[in-house]
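Here is a brief report for a reader meeting this structure for the first time. Take a look at the sequence and the model, then read on.

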Amino acid sequence: MSNHVYKSLELTGSSKTSIEDAVQTAIAKAHETVRNIQWFTVTETRGHVVDGKVAHWQVTVKIGFTLE
């Protein structure tokens with residue numbers, strides 16, 4: 001097994017549906033231009049409230065990918 005070198009990016013995804021959907025949104029968008037995504041860590045969760053209800057979720061994730 002060879003050694004790997006990883007680089008990480010911090011992204012914030014949002015969703016009106018759920019925290020999980022906000023994470024998926026961020027990773028799916030990153031996947032469009034970043035190769036070899038291997039892991040993610042949720043670093044912050046927050047939301048926007050309108051009229052006493054959650055209007056949407058915002059989740060900041062750090063994604064890691066291997067360098068070629």
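## Around S15

S15 touches D21, A22, H56 and W57, leaving out residues up to four places away in sequence. This is a predicted model. S15 is found in strand β1. Is S15 buried or exposed? S15 is buried, because its relative accessible area is 6% and the cut-off for buried is under 20%.

The side chain of S15 also takes part in polar contacts. One reaches the backbone nitrogen of T17. Another involves the backbone nitrogen of S18, which lies 3.3 Å from a polar atom of the S15 side chain. S18 has a role of its own: S18 caps the N-terminal end of α1. The table sets out these distances.

| Side chain | Backbone nitrogen | Distance |
|---|---|---|
| S15 | T17 | 2.9 Å |
| S15 | S18 | 3.3 Å |
| S18 | D21 | 3.0 Å |

## The helix

Helix α1 covers residues 19–31. The helix has 13 residues and reaches 19 Å from its first C-alpha to its last. That is close to the 18 Å expected at 1.5 Å a residue.

Which residues of α1 are buried? They are A22, V23, A26, I27 and A30. These residues cover an arc of only 130° around the axis, so they sit on the same side of α1. On the other side, E20, Q24, K29 and H31 are exposed.

What do the buried residues of α1 pack against? They pack against three strands: β1 (6–15), β2 (37–50) and β3 (53–66).

## The core

The largest nonpolar core has eight residues. They are A22, V23, A26, I27, A30, V59, V61 and I63. Two elements, α1 and β3, give two or more residues to this core. The helix α1 gives the most, with five residues.

V59 is one of the core residues. With neighbours within four places in sequence left aside, V59 is in contact with L11, T12, G13, I19, A22, V23, V42, E44 and T45. Among these contacts, A22 and V23 belong to the buried residues of α1. G13 also stands opposite V59 in β3.

## The strands

How do the strands pair? β1 and β3 pair in the antiparallel sense, over 10 bridges. β2 and β3 also run antiparallel, and 12 bridges join them. In that second pair, F40 stands opposite I63 in β3. I63 is itself a member of the largest nonpolar core.

β2 and β3 form a hairpin with two residues between the strands. There, D51 takes a positive phi near 55°.

In a regular strand, side chains alternate between the two faces of the sheet.

## Y6

Y6 lies in strand β1, the strand that also holds S15. How accessible is Y6? Y6 counts as partly exposed, because its relative accessibility is 43%. That value falls between the cut-offs of 20% for buried and 50% for exposed.

Y6 touches Q38, W39, F65 and T66, not counting residues up to four places away in sequence. Y6 and A26 are 20 residues apart along the chain. Their C-alpha atoms are separated by 18 Å.

Technical notes:
Residues numbered from 1 in each chain as written. Predicted model: local features only at pLDDT ≥ 70, side-chain atom pairs only at ≥ 80, totals over all residues. Heavy atoms only, no water. Helix = DSSP H or I, 4+ residues; strand = E, 2+ residues; numbered from the N terminus. Expected span 1.5 Å × (residues − 1). Buried < 20%, exposed > 50% of the residue type's maximum accessible area, 1.4 Å probe, protein only. Arc of directions from axis to C-beta. Contact = heavy atoms within 4.5 Å. Polar contact = N/O pair within 3.5 Å; in protein donor to acceptor, adjacent residues only side chain to side chain. Core = buried A, V, L, I, M, F, W, Y, C linked by side-chain atoms within 4.5 Å. Pairing = 2+ DSSP bridges.
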